[in-house]
Amino acid sequence: MWLSLLQHRFFSCGKAMAMGTAAATAVGAVSFIIAGPVADAKDVSLQQKTEIPLNTSQSTSVNKPLSPGALVHCSDYDVIIVGAGIIGLATARELLQRYPNKTVCVLEKEAEVAPHQTGHNSGVIHAGMYYLPESTMAKCCVRGVDLLYQYCEEKNIPHDRCGKLIVATNEEEHAAVEMLYHRGVENGVKDLEIIYRDRIRQLEPHVDGFSALYSPNTGIVDYAVVARSFAEDILKSGRGAIRLRFEAHGFEESPCKETSFDHGATKVIITGKEPGQNGPNLRLSARHVITCAGLQSDRVARAAGGERNPRVVPFRGTYYQLKPEYNNLCRMNIYPVPANSGIPVGVHFTPTLNERRGRGIIVGPGACIAFHREGYQFSNLSIRDLADSLTQIGVFKFVMGNFKLAMTELYRDLNKRAFLRQAQKLIPELSEDMTEESFSGVMVQVMSDEGVAANDFIFERNCLNGKALHVRSAPSPGCTASMAIAEWIADVAEEDFGWKN
């Protein structure tokens, strides 16, 4: 009953945040943060700049292999971050910039950074109109989109502020467009506009709709490229390291004899090994630990002193893509109005700037419960992962409460024609022969015991006697918001770990 036990308390989150209410529950020395205040954030004003040409060859520093880092052979650090997805890397980068005397090491069990959620998504830079006002998700998204555009321009990372239409296909759906408009305005989203059929046709001649919410500030980018650029920043600092193929499985406090330790009398020993191997077991140590383990976030947090719940529920999304000769069907993101289930926003059309898939238009994703946390095919099965999902009362209640939706998503995942019928509601002239198979992605979701998908980021504080902080759930718009989430984590770490800037 972890969500029903939440209580409110106030806390200060430093420069990027104002005093506010956090939904939290205290379990011994552990507290969960469901909604934490982030802004009134630093005011970053972006001057209008000419968009760079969309050519992936411009990314000068991110396509080459990562250098090992000056500290890769060290065994002791100020901070160890578990997980080299975009949030873990953004957090390491933020800490190194904010604290010039600290050393940071990022651990990743795969052979590359950004291997899972960061590297397998739509690549949309979200503007922030979907999320509950005053939520951490809303505030981090609106701040994060400005930070991300600024970073891409500074680093010359290909991106496109191509815009987005959230389309009501009939008059009954128009209320959702109105709701998203008012929510977006309250969240501080820029330049939103409600438009109708004639204006829709002017912007997107192939799209059919009664009305739409037009968001010109929505864009696209390859988040794997952004993540690798973060990794380069970490390694170039001279105080950061990234250890790949290191699967952390043990965390324990150990007395420290070094006089340089200025907070507490213990440090954290992290034990790990290469995935799939029996050994050797490697040991690293740090004053503090932050986990950003994505699809394995609950298990890593549990191993590092966190609570058993909330647990991960993986959802797999399948994509198709338009054949190159049909890429003129749309030029911006075309979305349906969201359903009420709390699970992703429906099959949509997204332009891509992806180094693996090139420049094109992807169609999707679906939202089918996955049988394997890191399984990108329908047939991928992990008994442990499936059992972990099915033994959660919240998952059972979600499926029972949305049984038709769950079965429909499962059917669409197996039937291309049924899948594309959803997309044809937005662009009626789409046909099966215009599309070909593309990739799949798996995303983290968390369910309350009442069977409701969590509608905000979830963090767990004060674990391992105040030495560990866990990111338990940061789904979309986690990539867009990654730099703002990193600020949030750094501010909370400053409070929890007793740091002084």
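This is a friendly conversation about helix packing, empty spaces and unusual backbone spots in one predicted model.

Colleague: What should I know before we start, and what kind of model is this?

Modeller: The model is predicted, so local features need pLDDT of at least 70 and side-chain atom pairs count only at pLDDT 80 or more, while totals for chains, interfaces and linings use all residues. Residues are numbered from 1 along each chain as its sequence is written, and side-chain values use heavy atoms, with hydrogens and water left out.

Colleague: Why are α1 and α11 called oblique to each other?

Modeller: Helices here are DSSP runs of H or I with at least four residues, strands are runs of E with at least two, and both are numbered from the N terminus. The axes of α1 (residues 86–98) and α11 (residues 482–496) cross at roughly 55° and come within 8 Å. Axes are lines fitted to C-alpha atoms, for helices over the stretch in contact, and angles run from 0 to 180 degrees between N-to-C directions. Angles under 35 degrees count as roughly parallel, over 145 as roughly antiparallel, 65 to 115 as roughly perpendicular and the rest as oblique. The value of roughly 55° therefore makes α1 and α11 oblique.

Colleague: How do you know which residues of α1 and α11 meet?

Modeller: Contact means heavy atoms within 4.5 Å. Among the residues of α1 that meet α11 are Ile86, Ala90 and Leu95, and their partners in α11 include Met483, Ile485 and Ile489. By class, this contact has nine nonpolar, two polar and six charged residues. Ala, Val, Leu, Ile, Met, Phe, Trp, Tyr, Cys and Pro count as nonpolar, Asp, Glu, Lys and Arg as charged, and the others, Gly among them, as polar.

Colleague: What makes α2 oblique to α11?

Modeller: The axes of α2 and α11 cross at roughly 120° and come within 6 Å. That angle makes α2 oblique to α11. Cys140, Leu147 and Tyr151 are among the α2 residues in this contact, with Ile485 and Trp488 among those of α11. The contact divides into eight nonpolar, two polar and two charged residues.

Colleague: And why are α9 and α10 called roughly perpendicular?

Modeller: α9 and α10 (residues 416–424) pack at about 110°, with their axes 5 Å apart. The pair is therefore roughly perpendicular. Tyr411, Arg412 and Leu414 in α9 meet Lys416, Ala418, Phe419 and Gln422 in α10. Four of these residues are nonpolar, one is polar and two are charged.

Colleague: What makes an empty space a cavity and not a pocket?

Modeller: On a 1 Å grid over the protein atoms alone, a cavity is a set of points where a 1.4 Å probe fits but cannot get out, whereas a pocket is an open set with protein on both sides within 12 Å along at least five of seven lines. Lining residues have an atom within 4 Å of a point. By this rule there are three cavities of 30 Å³ or more. The largest cavity holds about 110 Å³ of space, a volume being the space filled by probe spheres set on the points, which are joined across faces, edges and corners.

Colleague: Which residues line that largest cavity?

Modeller: There are 18 of them, with Asn121, Ser122, Gly123, Val221 and Asn354 nearest the centre. β19 gives the most, with four residues. The lining has eight nonpolar, eight polar and two charged residues.

Colleague: What does the second largest pocket look like?

Modeller: About 730 Å³ of space lies in the second largest pocket, and 35 residues line it. α9 supplies the largest share, eight residues. By class, the lining has 24 nonpolar, six polar and five charged residues.

Colleague: What makes some backbone spots unusual?

Modeller: Most residues other than glycine have a negative phi, and most peptide bonds are trans. Glu134 has a positive phi of about 75° although it is not a glycine, and Glu134 is in the loop between β7 and α2. A cis peptide bond joins Gly279 and Pro280, with omega about 0°, and Pro280 is in the loop between β15 and β16. Another cis bond joins Asn309 and Pro310, with omega about 5°.
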